Amino acid sequence: MRILLVEDEAEFAKALRGALELEQFVVDWVNSLSLANEASQSRVHELVLLDRTLPDGDGVDVIAPFRSNNPG
C-alpha cells in the first residue's frame, strides 16, 4: 500500500514514516500543501495522512484534489 504523509514537523514525520515502512508500507512524505497537491497528481496513493496545520494552508484542502486525481 502506498501512503502519502503530509506533515511539516520533520522529526515526527521521520518517526511515523519509519514505523510505517517497518510494516511494509510505501510512504511518500511531503511537508507542504503545495507538495501534497503535486504528489496527488504524480502518483496513486491508497491512503493520505494529513497534518491540519501546514505552513501554506490547512491539510484538509488537499482532499478534493486528491480525490479527483485518485479515483476509486
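Q: Which residue stands opposite L5 in β3?
A: L49 in strand β3 stands opposite L5. This is a predicted model, in which local features need pLDDT of at least 70 and side-chain atom pairs count only at pLDDT 80 or more, while totals for chains, interfaces and linings use all residues. Residues are numbered from 1 along each chain as its sequence is written, and side-chain values use heavy atoms, with hydrogens and water left out.

Q: Why do β1 and β3 count as paired?
A: Two strands pair if DSSP finds at least two bridges between them, where strands (E, at least two residues) and helices (H or I, at least four) are DSSP runs numbered from the N terminus. Four bridges join β1 to β3, so these two strands meet the requirement, and they run parallel.

Q: How do you know that β1 also pairs with β2?
A: Strand β1, residues 2-6, shares five bridges with β2 in the parallel sense, so the requirement for pairing is met here too. Within this pair, R2 stands opposite V26 of β2.

Q: What makes β2 and β3 edge strands?
A: The open sheet has three strands in the order β2-β1-β3, with parallel pairing. Both β2 (26-30) and β3 (47-50) pair on one side only, and on that ground they are the edge strands. Neighbouring strands of the sheet are turned by 20° against each other on average, direction ignored, with axes fitted as lines to C-alpha atoms (for helices over the stretch in contact) and angles running from 0 to 180 degrees between N-to-C directions.

Q: What does helix α1 touch when it packs on the sheet?
A: Helix α1, residues 10-22, touches β1, β2 and β3, contact meaning heavy atoms within 4.5 Å. The direction of α1 makes about 170° with that of β2.

Q: Why is the link between D28 and R2 called a salt bridge?
A: A salt bridge is a side-chain nitrogen of Lys or Arg within 4 Å of a carboxyl oxygen of Asp or Glu. The closest N and O atoms of D28 and R2 are 2.7 Å apart, so this pair qualifies. D28 lies in strand β2 and R2 in strand β1, so the salt bridge ties together parts that are 26 residues apart in sequence.

Q: Why is D28 called buried or exposed?
A: Buried means under 20% relative accessible area, exposed over 50%, and partly exposed in between (1.4 Å probe, protein chains only). D28 has a relative accessible area of 19%, so D28 is buried.

Q: How do you know that E21 and R17 form a salt bridge?
A: Their closest N and O atoms are 3.2 Å apart, so the pair falls within the 4 Å limit. E21 and R17 are four residues apart in helix α1, which means that about one helical turn separates them. With a relative accessible area of 36%, E21 is partly exposed.

Q: Where is confidence lowest in the chain?
A: Confidence is lowest in helix α3 (residues 63-69), at a mean of 78, and highest in α1, at 98, on the pLDDT scale of the predictor's confidence in each residue, from 0 to 100. Where pLDDT is low, the predicted coordinates should not be read in detail.
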